[in-house]
Amino acid sequence: MSSTPTGDTSGVWLAGTVLRLLEVRYGRGRVPSVRVLARHIRDSTDGDTISHGHMHNILSGGAVNITDRTRAVLARFLGVPPTALMPAPEPTAGAAGPPSVETLAMRFSSLRPEELAAIEKAIEMVKTIDRR
């Protein structure tokens, strides 16, 4: 499970993108409240939900790290591919190095405990192979 790339650390890009897509769907100045949006999302995505609180965070720019599931549900509701809700990667000047500690921490923060356990198990398997 991945999350919003670190290039959008403020969440402003995502907020603006979602608001523009909501205005396409509802009309400029006619976007309903976050509670109504949450209900519309649930009703039009076979029961998949995004809470009104999370929608508020997304639209206010406070959601700096949305999960793939949230992105997929929101994209389905808005009628766009999930990649439309991801900022373009920032060009790099040189060869990409390993991810920073902050990047890894942000990515891992959205993982469920069983996903983290699977990663730990994979790391232990690699360590065991390296010791042979």
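**Exercise 1. Salt bridge in helix H6**

Describe how Glu124 and Lys127 meet in this predicted model, and where the two residues lie.

Solution. Step 1: the side chains of Glu124 and Lys127 form a salt bridge, with N and O 3.6 Å apart. The cut-off for such a pair is 4 Å between a side-chain nitrogen of Lys or Arg and a carboxyl oxygen of Asp or Glu, so the pair qualifies.
Step 2: both residues belong to helix H6, which covers residues 113–131. They are three residues apart, about one turn of the helix.
Step 3: Glu124 has 39% relative accessibility and is partly exposed. Lys127, at 38%, is also partly exposed.

**Exercise 2. A link between distant parts of the chain**

Which parts of the chain does the pair Asp48 and Arg76 link?

Solution. Step 1: Asp48 and Arg76 meet through their side chains in a salt bridge, at 2.4 Å from N to O.
Step 2: Asp48 is in the loop between helix H2 (34–44) and helix H3 (52–60), while Arg76 is in helix H4 (residues 68–78). The two are 28 residues apart, and the pair links distant parts of the chain.
Step 3: Asp48 is partly exposed at 28% relative accessibility, and Arg76 is partly exposed at 43%.

**Exercise 3. Arg42, Asp43 and the total**

Classify the accessibility of Arg42 and Asp43, and state how many salt bridges there are.

Solution. Step 1: the closest N and O atoms of Arg42 and Asp43 are 3.2 Å apart, and the two residues form a salt bridge.
Step 2: buried means under 20% and exposed means over 50% relative accessible area, with partly exposed in between. Arg42, at 38%, is therefore partly exposed. Asp43 has 53% and is therefore exposed.
Step 3: the count for the structure is four salt bridges.

**Exercise 4. Rings and a charge**

How many aromatic pairs does the structure hold, and over which ring does the charged end of Arg25 sit?

Solution. Step 1: the number of aromatic pairs is zero.
Step 2: the ring of Phe77 has the charged end of Arg25 over it, 3.9 Å from the ring centre.

**Exercise 5. His40 and its surroundings**

Place His40 in the fold and list its contacts beyond neighbours within four places in sequence.

Solution. Step 1: His40 is located in helix H2.
Step 2: with 29% relative accessibility, His40 is partly exposed.
Step 3: once neighbours within four places in sequence are set aside, its contacts are Tyr26, Pro32 and Phe77.
Step 4: Ile50 is 10 residues from His40 along the chain, and their C-alpha atoms are 10.0 Å apart.

**Exercise 6. The backbone at Asp46**

What is the phi of Asp46, and is the residue buried or exposed?

Solution. Step 1: Asp46 has a positive phi of about 55° although it is not a glycine.
Step 2: Asp46 lies in the loop between H2 and H3.
Step 3: the relative accessible area of Asp46 is 76%, so the residue is exposed.

**Exercise 7. The largest nonpolar core**

Name the residues with the most contacts inside the largest nonpolar core, and say which helix gives the largest share.

Solution. Step 1: the largest nonpolar core has 18 residues, and Val18, Ile41, Met55, Ile58, Leu74, Leu78 and Leu85 have the most contacts inside it.
Step 2: at least two residues of this core come from each of helix H1 (12–26), H2, H3 and H4.
Step 3: H4 gives the largest share, five residues.
Step 4: leaving aside neighbours within four places in sequence, the contacts of Val18 are Ile58, Leu59, Leu74, Leu78 and Leu85.

Methods:
Residues numbered from 1 in each chain as written. Predicted model: local features only at pLDDT ≥ 70, side-chain atom pairs only at ≥ 80, totals over all residues. Heavy atoms only, no water. Phe/Tyr/Trp six-rings, centres within 6.5 Å; stacked < 30°, edge-to-face > 60°. Lys NZ or Arg CZ within 6 Å of the ring centre and 35° of its normal. Buried < 20%, exposed > 50% of the residue type's maximum accessible area, 1.4 Å probe, protein only. Contact = heavy atoms within 4.5 Å. Core = buried A, V, L, I, M, F, W, Y, C linked by side-chain atoms within 4.5 Å.
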